[in-house]
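Trainee: I keep reading words like "buried" and "exposed" and never know where they come from. Can we go through one example and ask how each label is earned?

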Amino acid sequence: MNDGGTIKGLEVREGDGVYITYADGADTVSKKLGNTKITFDISGSGDNPNYLSSAVFQFHRTSFDGFFTAGYKKCKIVFSSFSGTQSTGRLEIRKNGATSTYYSNPGTVEFNLAEGDYIAGYVAEQATFRFGASVTMSG
């Protein structure tokens, strides 16, 4: 399992990823493992048939804290679909400690990751709100 003693160990560095240490002749080398880029799709759909004027609720939330902890530093969100207006719902993206609110398709949103960043969708009373996006995290 250790390639005849060549592999010296694995180390998980908080906020920086996983490293392998191995012997290369007389030298000892540490190298970061893994793909520094990951892409995934997210979507949210909120339907709120309530007749109460205060019935706005959160129907979707994706936290990016796990990616931040794993050492990812950048986030790029490309929205492929968006059906909403100020009267039907809103999308919130918390990036670097500040929250931005969108009532129409924001297109591409790029930012440096910080702890506590997220994306959330809210739908208003008697309304429907939907979105779809591709998210890419990179080192």
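What follows is a short chat about the labels used for this protein.

Mentor: Keep in mind that this is a predicted model. Ready when you are.

Trainee: How many helices and strands are there in the protein?

Mentor: You'll find one helix and 11 strands. Going along the sequence, the order is β-β-β-β-β-α-β-β-β-β-β-β.

Trainee: What makes the protein count as more spread out than a compact globule?

Mentor: Set two values side by side. The radius of gyration is 21 Å, while the globule rule gives 14 Å for 139 residues. The first value is well over the second, so the protein is more spread out than a compact globule. The C-alpha trace also spans about 75 × 25 × 25 Å along its principal axes.

Trainee: Why is Ala26 called exposed?

Mentor: The cut-off for exposed is over 50% relative accessible area. Ala26 has 84% relative accessibility, so the label exposed fits. As for its place, Ala26 sits in the loop between strand E2 (17-24) and strand E3 (27-32).

Trainee: How far is Ala26 from Lys95?

Mentor: Their C-alpha atoms are separated by 45 Å, and the two are 69 residues apart along the chain.

Trainee: And why is Ser138 called buried?

Mentor: Here the cut-off is under 20%. Ser138 has a relative accessible area of 18%, so Ser138 counts as buried. This residue belongs to strand E11 (residues 127-138).

Trainee: Which residues is Ser138 in contact with, leaving aside its neighbours within four places in sequence?

Mentor: Those are Thr36, Lys37, Tyr72, Lys73 and Lys74. For the protein as a whole, buried residues make up 35% of the 139.

Trainee: How do you know that strands E1 and E2 are paired?

Mentor: Pairing needs at least two bridges between the strands. Six bridges join E1 (residues 7-13) to E2, so the pair passes, and the two run antiparallel. One of the details: Arg13 has Gly17 in E2 as its bridge partner.

Trainee: What lies between the strands of that hairpin?

Mentor: Three residues separate E1 and E2 in the hairpin, and Gly15 takes a positive phi near 80° there.

Trainee: Last one: what share of the contacts with a separation of 6 or more comes from residues 24 or more positions apart?

Mentor: That share is 67%. And a contact here means heavy atoms within 4.5 Å.

Definitions and conventions: Residues numbered from 1 in each chain as written. Predicted model: local features only at pLDDT ≥ 70, side-chain atom pairs only at ≥ 80, totals over all residues. Heavy atoms only, no water. Helix = DSSP H or I, 4+ residues; strand = E, 2+ residues; numbered from the N terminus. Rg over C-alpha atoms; globule rule 2.2 N^0.38 Å. Buried < 20%, exposed > 50% of the residue type's maximum accessible area, 1.4 Å probe, protein only.
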